[in-house]
Each structure stands twice: as C-alpha cells, then as structure tokens.
Amino acid sequence: MQEPKHQIRALHTDSTVTVYQAYAPGLGLPAAREGRFPAAWKRDRMTWIKPSVLWMMYRCGWGTKQDQETVLAVEITREGFEWALRHACLSHYERGVHADLAAWKRELRRAPARVQWDPERDLHLRPLPHRSLQLGLSGEAARSYADEWTVSITDVTPLAHQVHGLAREGALDDAARLLPEERPYPAGEELLAHLGGTGQVPA
C-alpha cells in the first residue's frame, strides 16, 4: 500500500510524541543527562524538530557531521506538538493552500512555527516518494518546547551508529528492527489542512 505523500509518522503514546534533533556534545550530552535543555540552549532562535529518525540520520550523517555528533530523542507532550501544528505556517507559498502570496507572507510573519515536507529516507538515506514533517519552532513555540513541552531527552547516538553499521553491511532487516515504530500520527484535518497534509484519525 502506497504511503500518503504528506502524513505525520512518529513514535507516539497517548500523551507524548518523540522528535529528533542533533547537537554538539557540549550541548547534547548535558541535555540528555539532565532530561531538559540547559540554559545555553538558545531559546530566541528557530529550532527544527523531526519525528522521523531516518530523516534525522540523513540530516546529521548518522551523528558524524560537525556540531551534530549527539543525536537526541526528545519526547514532548502531544498537547504542545499539536499547538505548534495549529499555529504553524508552511515555509513556502503553495497555491490552493494559501489565498495568495501576500496572505502567505502575512501568515509566515505571525506564525511561531513553520512546516516543511521533505522526502522521507530509507536505510541508505536515499529519498523516498513520500514526505517527512519538519517542524520549525521560534519565539513562544521554541521557549515552550524547551521549558514546558519536553518530557524526556535521550541520547540515541549509540543506536544511530549501530543502525548505520548494519545498513553499511547490508543487514537491512536487522537495522530496521532497531528503529522506533513510527506510526501514522492521529492528526485530524484541523491540524493539517492548512499545512497541505493528510489527516489520520484513530480507527
């Protein structure tokens, strides 16, 4: 069965959703140790969170890129995640979603969050036909993410290296078994229609 092109897939529970980021060890390791972002984490800058672990691996090169050597799994509240989606704007103008270019620009200036849909990745980090959500948080959203929504922070760098090693050896089934189970997120149309996404409601 073909995946919907724009759909959120994530590791989630009844109350939380897991997203991924990568940082230099000087910031990532204290965050994982304390279970919260330290004061050095810049709350006035835009930060991008990714529900897809393989897209994060693509972005950080399996934790090998400079200043992205520590890969974090950040468990946040679904309440916060959904607030960000409701208040987000697409990072680019899309005909049919926005009334016109001027309306999109006004919305982008106001929005504390923005969304990009980038090609999902396979275990060789090659692009797939369907897309993965990237959620950018700034201002109120970034501060809330760091100080209110975050439930736990786990260093998953060893997992990244293990999966990468298996993928390089061609042991794709073994590598896939180690990945978190990313299921369609139960987001209704009210969360995704303005972002060009496909809503998925619980059965």
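**View 1. Strand S4 (residues 70-77) and S8 are joined by five bridges and run antiparallel.** This is a predicted model, like every view that follows. A good residue pair to pick out here is valine 74, which stands opposite isoleucine 153 in S8. Zoom out a little and S4 turns up in the middle of an open sheet of three strands, in the order S2-S4-S8 with antiparallel pairing. The edge strands are S2 and strand S8 (150-155), each pairing on one side only. From one strand to the next, the twist averages 25°. For anyone who wants the general picture, strands of a sheet pair through backbone hydrogen bonds, either parallel or antiparallel.

**View 2. Helices H1 and H3 lie across the three-stranded sheet.** Which strands does H1 lie across? They are S2, S4 and S8, and H1 runs at about 45° to S4. H3 lies across S2 and S4, running at about 90° to S4.

**View 3. The other sheet is open too, with four strands in the order S3-S7-S6-S5.** Its pairing is mixed. At the edges sit strand S3 (47-49) and strand S5 (88-90), each of which pairs on one side only. The twist here averages 40° from one strand to the next. Helix H3 (residues 78-86) shows up again, packing on this sheet and touching S5, S6 and strand S7 (127-137). The direction of H3 makes about 95° with that of S7. Helix H5 (residues 140-149) packs on the sheet as well, touching S3 and S7, and its direction makes about 85° with that of S7.

**View 4. A closer look at S5 and S6 shows a parallel pair.** Three bridges join S5 to strand S6 (residues 113-121), and the two run parallel. Alanine 88 stands opposite alanine 113 in S6.

**View 5. Phenylalanine 37 and tyrosine 145 form a tilted aromatic pair.** As a reminder, a pair of aromatic rings is described by the distance of the centres and the angle of the planes. For this one, the numbers are 5.4 Å centre to centre and 40° between the planes. What does the pair tie together? Phenylalanine 37 lies in the loop between helix H1 (25-34) and S3, while tyrosine 145 is in helix H5, so the contact links parts that are 108 residues apart in sequence. A search of the whole structure finds seven aromatic pairs.

**View 6. The largest pocket has a volume of about 510 Å³.** Its lining takes in 19 residues, and Tyr23, Arg45, Met46, Thr47 and Trp48 lie nearest the centre. Strand S2 (16-23), S3, helix H2 (53-60) and S6 are the elements that give two or more residues to this lining. How do the lining residues of the largest pocket divide by class? There are nine nonpolar, five polar and five charged.

**View 7. The second largest pocket comes in at about 220 Å³.** Thirteen residues line this pocket, of which Leu54, Glu120, Arg121, Leu179 and Glu182 lie nearest its centre. The elements that give two or more residues to its lining are H2 and S6. By class, the lining of the second largest pocket has five nonpolar, two polar and six charged residues.

**View 8. The largest cavity, with a volume of about 60 Å³, has a lining of eight nonpolar residues and no polar or charged ones.** In general, rolling a probe the size of a water molecule over the atoms shows where empty space is left. The residues that line this cavity are Val53, Met57, Trp62, Val156, Leu159, Ala160, Val163 and Leu179. H2 and helix H6 (157-169) each supply at least two of them. The largest share, three residues, comes from H6.

**View 9. The second largest cavity holds about 40 Å³ of space.** How many cavities of 30 Å³ or more does the structure hold? There are two. Lining the second largest cavity are Gln7, Ile8, Arg9, Pro51, Ser52, Glu120, Ser132 and Leu133. That lining is made up of three nonpolar, three polar and two charged residues. Glu120 may look familiar: this residue is also among those nearest the centre of the second largest pocket.

Methods: Residues are numbered from 1 along each chain as its sequence is written. This is a predicted model: local features need pLDDT of at least 70, side-chain atom pairs count only at pLDDT 80 or more; totals for chains, interfaces and linings use all residues. Side-chain values use heavy atoms; hydrogens and water are left out. Two strands pair if DSSP finds at least two bridges between them. Axes are lines fitted to C-alpha atoms, for helices over the stretch in contact, and angles run from 0 to 180 degrees between N-to-C directions. Contact means heavy atoms within 4.5 Å. On a 1 Å grid over the protein atoms alone, a cavity is a set of points where a 1.4 Å probe fits but cannot get out, and a pocket is an open set with protein on both sides within 12 Å along at least five of seven lines; lining residues have an atom within 4 Å of a point. Grid points are joined across faces, edges and corners, and a volume is the space filled by probe spheres set on the points. Ala, Val, Leu, Ile, Met, Phe, Trp, Tyr, Cys and Pro count as nonpolar, Asp, Glu, Lys and Arg as charged, and the others, Gly among them, as polar. Rings of Phe, Tyr and Trp (its six-membered ring) pair if their centres lie within 6.5 Å; planes under 30 degrees apart count as stacked, over 60 as edge-to-face and the rest as tilted.
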